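Hi everyone, thanks for making time for this. I'd like to walk you through one structure, so let me put it on the screen.

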Amino acid sequence: MNSFLLGTILFSIGGIASIFFNEKIKPFIFLIFAVLAQFFLLPQSFGVLTNGGMIQLQLNFSEPIGSAFIRLDPLSAFFVSIISLGGILASIYSVGYMKMYKGESAALSSYYFFLGLMISAMLLVVTFQNAILFLIAWEIMSIASFFLVTFENEKEEVRKAGIYYFIAMQIGAAFLIAAFSWTSALSGSLDFASFGAVLTHSNSTSILLFVLFFIGFGTKAGFVPMHTWLPLAHPAAPTGVSALMSGVMIKTGIYGILRIILIVGVPDYRLAYGVLLLSVITGIFGVLNAIAQHDLKKLLAYHSIENIGIIGMGIGLGMLGLVYNLNAIAMLGFLGALLHVFNHFVFKSILFYGAGVVYSQTHTRNIDKLGGLIKSMPSTAIMFLVASLAICGMPLLNGFISEFAIYLGIAKSFSVNNLALNIAALLGISGLAFIGTMALLCFTKVFGICFLGSPRKEFNHVLTDKDFSFQLPMSFLTALIFVIGLFPLYAVLLLSKVISQFLPSNFIFDFYNLIPLFNTLTYAFIVLAGLMGFFWLIRSLLLRGRQVKEFKTWDCGYQVTSSRIQYTSGSFAQPFLHLVRELVPQKIKIVKEWALFPKEAHMESHSQDFSDRLLIQPAINFLNKFMNMFSWIQSGKMQQYIIYGLLFLLFLLIWIFGAS
Amino acid sequence: MQKIIIIMLLIVSPFFFVGIINRVKAVWAGRKGSSVFQPYYDFFKLIRKGEVISRTTSIVFQITPSINIAAILFALLIVPTPVSGSVIKFPGDFVLFAYSLALAKFMTVIAAMDTGSSFEGMGASREVTFSTIIETAFFIVLGSLALLTGQVSFETIFVMLNISAGYTVLVKVLLVISLFIMLLTEGSRVPVDDPNTHLELTMIHEVMILDYSGPDLAFILYSTALKMVVISLLIADLIIPFNMLFLPALGITAVILIAVFISVGLVESLIARLRMSHVPQFIFIMTALSLTAFAIIIFFLRGGF
C-alpha cells in the first residue's frame, strides 16, 4: 500500500519539480516522475486485479475525520490502472504538443503542476474510503482540472468555458456533499464500509440518497441533463488534458456510481430501470448532438457523453440482473460497462490525440477547413481510422467486445418471463443499435471530411506528425485496440475479480460459460481477418502486371474546379439532421443575393443543445432575475454602506443585550 | 460436408439471383431480356481488366472492396440456412452479423469520401442516414425473435421458431415483410435506390462506387449481390422449418430464394423510385412492422401489456 501512495505522490512531485527547470527540460522531468510512478502503481493494481483480495492502509487523523481507510480492492485497482496509464500517456503526449506554447514558461509550469496534482487526486479519489477525504480529493481533482481547462486563459471563450466547468463541478459536488453527510449522519461513521447499513434498505430515504449520489457523480460522468459542461470544457483544454479528462477523469464519476452500487448491494428495481432509461437517453442525445458539430474536439466531447450512455446501459443492465437475481445478465452488464470504461479510454484517447496532432499542425478545429490529411500525416490518419472503427463497435476491434457483452445481456433478458424487463430490453437493444449506427454516421463524417478527399484549405507550411511523443502513445493504444479485440478472453479474465465483487458468489458457473464464448469470438475474428487478407491477396495478384492508371476523380464529365466543391460536414450530416430536426434544433443563417447571376452567398449553421436551452439557460435566467431583486442593496453609495455598518452594530448590540 | 456444399452453392449463386431480377424486369417490360447468367459474364470481364484510380484517393479506397467482400462473406457464414444451419455460431452471433454488415458499410462510405467527389459524398451521406433507421429496425426484428423463442443465437432461434404455432404465423408475416424492406434498402433496389442509373442525383449506392473499375468494381458488385442473398436467406429461415431432410430443404430454400428475387424484380417493375425525402418514411414501415410484431408477441406470450 505504501508503494501505491508513493506512486500517487510521485505525479505531484513531478509537477512541482518541473517548475524549477527551464522550459525545454520541464516535460522530461515530469515524464521521468510519471514513468517512475508506473513502477509503483501498475504492479500493485495488477496484483489486486489478478489475485483479488484487498490491500488497505489505515490512516489516523484527529477528529472530525478520525481513522480513515485507503483501500485498493479490484474495482479501485481497475480504475488505478486506467488513471496511471492515462497519466503517463498524457505526459508523453504533452512533450510534443506543448511545444506550441514556446516561451510561456510560467504557463507551462502551472500546466505540469496542475497535471500532476490532478492525476494524484484522481488516484486518491478511487482509493479513499472515507467521506471527508474522498470529498477533499474530489475537489482537488476538480480544481486542478479547472486550471488545466483554463490554460489558454487569454481567450475569452476559454475563460467562459472554464467558469462554466467550475460551476458545474461545484453543483455536482454540492449534491455529493449533501449525500455523503446525510449518509454518514445516519450511519454514524464516515467510512464507506458503514454506509451499507443505511443504503441497502429499500425505503424512500435510501432511494433519495442514491439519486443524490447519482446526480453528483453523474455530473462528473456527463449523464444527460448534467452533461452541458463537457462540450465546453473539452475543446477549451489543451489536447493532452482533453484526452485525460474524457478518457479518465469522467470515469471517476462512473467509479463513484459503481462504488455506491457495490455498497447498496441489490438496488431497488425503480433505480435500475431509471439508470437504464437515463443511459439510453444519454447515449442517443450525445451522438445526436455530435453529428451536428463542426468543431472536432466538441464533437469528440459529445461522443464521450454517448459512450457514458453505453457504459450506463451496462450498469443499468447489471443492476436489473441483480434486482431479478439473474446472474448471467448482471455479469454481462457489469462486464460490458467495465470493459467499455477501459475501451473508451483507449479509443477516445487516440481520437483526441489525433485531433490534437491535427490542431497542432493546422491550428484549426473546424472540420470543414480540413481535408486530405491522410496524405501528409498517414500514420495519424490510419490510427484515427482504427479508433473510429473501434468506437463504432466494428468487429476485430475492442469496441465490439464491450458492446457485444451488453447486447448479449439484453438479448438474454428477452427470455425472462417479465413484461417490464422485456420492454426495457427492447428499449435497450434498439437504443444501442440506434446509437451504434449514428456513431457510424458521425465517424464516417469526421474521418471522411478531415482525412480524406482533397485539402479544403492550403497551408503555407508542411504538415507533419513525425514526433515520437505523438506517435508513441497513439501506436501503443492502437495496439491495445487490436489486442483486446482479437483476444477478448484475457481482458474478460482480468476483469473477473472486479465483476465478482458485484455478484453473489454462485455466479462463477455463469462466468465459466463465457470462456468458450470469447474463444469462439477469437476464432471467428481470425476467420474474418483471414478472409480480408485473402481477398486483398487476390486483388493484388489480379492487378499484378496490369495497367493501373492514376487519373482525376470521375465527376460525371464535370471537371472539378475547386476543392471547396467537396461535401462538407454540414452537407454530409444534413439529411439526417433534417430527420431529427425536432431533437437537435439548428439555427441556419443563409445570406444570398440574387442579381442576374447568383452572387457570393454565405451560410452558417449552429446546433443548440436541447438541455442547455430548456434547462440550464432558464435556470440561469431565473437566478439572474431573482438576484437582481436584491441589487438595490449594492448601490455603490458610500453613505449607504456606512448605514449598513451602523445597522449591523445596532443589531449586535440588541442581540447581546437581549441575550443577557 | 453438407455445410460445405451449401456454402459453395451460396457463394457462386449471387449473380444468378441478380440475373433473375433483370430477367423479370425485362419480361415485364415486354423485352426478351439478357440471360440470367449475364452478370457472371460481366463479372469475369471486369476481373480481367486493369484499373483507373483517382489521384485524390488513398489506401482506404483500395482496401475497401477486399474488406467489403470479406465482411459480407463472413456474415454469410453466420446466417443459418434451413438446410445445414450456420457455420459460425455462438450466443449473440446475430450482433456480429449485423456489425459485419455495418463494417462493410463504414468502409464503402469512407471510400466514397476518399474520392473527394461531391456526387459520392452525396451518396455516402444518404447511405448512412438511411442505415440509422434500418439497423435499429433490424435489431427490433432480432429482439422480437429472441423474445418469441427465448434464444440468443441465430440457429437456435430459427429451430425453436418452427415448433411454436398459432399467432406466430402473423408475426412471421410481419417479420418477412420487414426483412423484405431491408433487402430492398440494403441491396439498393427500387423504390429506395435504382441500380440501373448512376448519374442522377437521386442515387445512393451506385453513386458511391462511381470511381471503381476493374477487379475492385467486380468485388463490389459481388458484395452487393451477396448481401442480398444473405438477407433473403433470413427470409427463407423464417418461412422454412429447420427439421427437414437435406434434399427437400435444399429444394424449398432454392424456390423461396428465387421467389424472393422474382418479387424484387416485380417491385422494380411496378413501383417507381420514391422521392428522396420519402425514402425514410418507406424504411420506417419496417420499424413499424417489427414493433407491431414485438407487441403481438408480448401480448400473447406475456399475457397483455
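Let's start on the surface, where Ile643(A), Leu647(A), Phe648(A), Leu650(A), Phe651(A), Leu653(A), Ile654(A), Trp655(A), Ile656(A) and Phe657(A) make up a nonpolar patch. Together these side chains offer about 1,100 Å² of accessible area. Please keep in mind that this is a predicted model. If you want one residue to click on, try Phe651(A), which sits in helix H23, residues 638-659 of chain A. Phe651(A) counts as partly exposed because its relative accessibility is 48%.

Now for helix packing. Two packed helices are described by the angle between their axes and the distance between the axes. Take helix H2 (residues 26-51) and helix H3 (residues 74-97), both of chain A: their axes come within 9 Å and cross at roughly 160°. An angle over 145 degrees counts as roughly antiparallel, so that is how H2(A) runs relative to H3(A). The crossing of H2(A) and H3(A) is left-handed.

My other pair brings in chain B. Helix H16 of chain A, residues 398-413, and helix H5 of chain B, residues 93-114, have axes that come within 9 Å and cross at roughly 130°. H16(A) and H5(B) are therefore oblique to each other, and their crossing is right-handed.

On to charges. How many salt bridges does the structure hold over all chains? There are 16, and I picked a few to show you.

In one of them, Arg270(A) pairs with Asp268(A), with the closest N and O atoms 2.9 Å apart. Here Arg270(A) is partly exposed, at 49% relative accessibility, while Asp268(A) is buried at 9%.

Next, Asp295(A) and Arg365(A) form a salt bridge, at 3.1 Å from N to O. This pair links distant parts of the chain, 70 residues apart: Asp295(A) lies in the loop between helices H11 and H12 of chain A, and Arg365(A) in the loop between H13 and H14 of chain A. Are these two buried or exposed? Buried means under 20% relative accessible area, so Asp295(A) qualifies at 17% and Arg365(A) qualifies at 18%.

Finally, look at Asp216(B) and Arg539(A), a salt bridge whose closest N and O atoms are 2.6 Å apart. This pair crosses between chains, from helix H10 (residues 214-239) of chain B to helix H20 (residues 508-543) of chain A. Both Asp216(B) and Arg539(A) are buried. Through shared partners, salt bridges also bring in Glu51(B), giving one network of Arg539(A), Glu51(B) and Asp216(B).

That's my tour, thanks for listening!

Conventions
Residues numbered from 1 in each chain as written. Chains lettered and ligands numbered in written order. Predicted model: local features only at pLDDT ≥ 70, side-chain atom pairs only at ≥ 80, totals over all residues. Heavy atoms only, no water. Patch = residues over 30% accessible without salt bridge, like charges linked within 9 Å, V, L, I, M, F, W, Y side chains within 5 Å. Areas by Shrake-Rupley, 256 points an atom, 1.4 Å probe, with all protein chains shown as cover. Salt bridge = Lys/Arg side-chain N within 4 Å of Asp/Glu carboxyl O. Helix = DSSP H or I, 4+ residues; strand = E, 2+ residues; numbered from the N terminus. Buried < 20%, exposed > 50% of the residue type's maximum accessible area, 1.4 Å probe, protein only. Axes fitted to C-alpha atoms, helices over the stretch in contact; angles between N-to-C directions. Parallel < 35°, antiparallel > 145°, perpendicular 65-115°, else oblique. Left-handed = near helix turned anticlockwise from the far one by under 90°.
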